[in-house]
Amino acid sequence: MKQYKYLLLDLDGTITDSETGITRCVEYALNHFGIQVDDLRELSPFIGPPLLDSFKDFYNFTDEQAAIAVEKYRERYEKKGILENKLYPGIGEFLAEARLKDKIVILATSKPEIFAKRILDYFELSNYFSFVAGSGLDGSLHTKTDVIDYILQSNKIIDLSSVVMIGDRKHDIIGAKNVGIDSIGVLYGFGDYKELSEAGADYIVEDIPALRKLLLEK
């Protein structure tokens, strides 16, 4: 097992269980178009990928409709949905130990950076992160590949073998592969073993104790 210096972590499905907030906000956006959803669990595939893409992929929205849907989503999210959220048990302790062991912890999320920072502040996790990267409200840094590449450039990281991306969806794994870094898929989030293995995750772990064992125990 490599000793990684830089730990890049996804947010939704890796640090926080955001299913309630995200699915309720997606429902709110769909209602604007007259679409009713009987079971919010049907909307869990929205957790992880860029929202704009998800509205087009899952509901065949046009570019214009998807843009409106994202606006409606954010209308509810910034007021209510952002805090309909909870930490996964043990993640705070994992982050604290990682910093004690001189790991550089970085947030890599497809969520708008302004929202991601509010969430870290709310859960009192901001001090564990040396850098926070997310998408822009203007659509910049749209994909996870864009976000990771931005992190590498901004932090002047040359040795890619010292970096690992940790996330729960295929987009985290694919983004890591696209820029040439290793990846760890976590099964306690919203992806499953099939999704993560087919995307090419270098490691797949069941839970946070297994993640700790993999990265923090020598």
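**Exercise 1.** Which helix supplies the largest share of the lining of the largest pocket?

*Solution.* The model is predicted: local features need pLDDT of at least 70, side-chain atom pairs count only at pLDDT 80 or more, and totals for chains, interfaces and linings use all residues. Residues are numbered from 1 along each chain as its sequence is written, and side-chain values use heavy atoms, without hydrogens or water.

Step 1: a pocket is an open set of points on a 1 Å grid over the protein atoms alone, where a 1.4 Å probe fits, with protein on both sides within 12 Å along at least five of seven lines; lining residues have an atom within 4 Å of a point.

Step 2: helix H2 (51-59), helix H3 (63-77) and strand S4 (104-112) each supply at least two lining residues. Helices are DSSP runs (H or I) of at least four residues, strands (E) of at least two.

Step 3: H3 gives the largest share, six residues.

**Exercise 2.** State the volume of the largest pocket and place this pocket relative to the domains.

*Solution.* Step 1: the largest pocket holds about 470 Å³ of space, the space filled by probe spheres set on the grid points. Of its 28 lining residues, Leu51, Leu52, Val70, Arg74 and Pro112 are the closest to its centre.

Step 2: domain 1 (6-17 + 86-216) and domain 2 (19-83) both give residues to the lining, so the largest pocket lies between them. The domain bounds come from an automatic or database assignment.

**Exercise 3.** Classify how H2 and H3 pack, then do the same for H1 and H3.

*Solution.* Step 1: the axes of H2 and H3 are 9 Å apart, at an angle of about 125 degrees. Axes are lines fitted to C-alpha atoms over the stretch in contact, and angles run from 0 to 180 degrees between N-to-C directions.

Step 2: angles under 35 degrees count as roughly parallel, over 145 as roughly antiparallel, 65 to 115 as roughly perpendicular and the rest as oblique. H2 and H3 are therefore oblique to each other.

Step 3: helix H1 (residues 19-32) packs on H3 at about 130 degrees, with axes 8 Å apart. That makes H1 oblique to H3.
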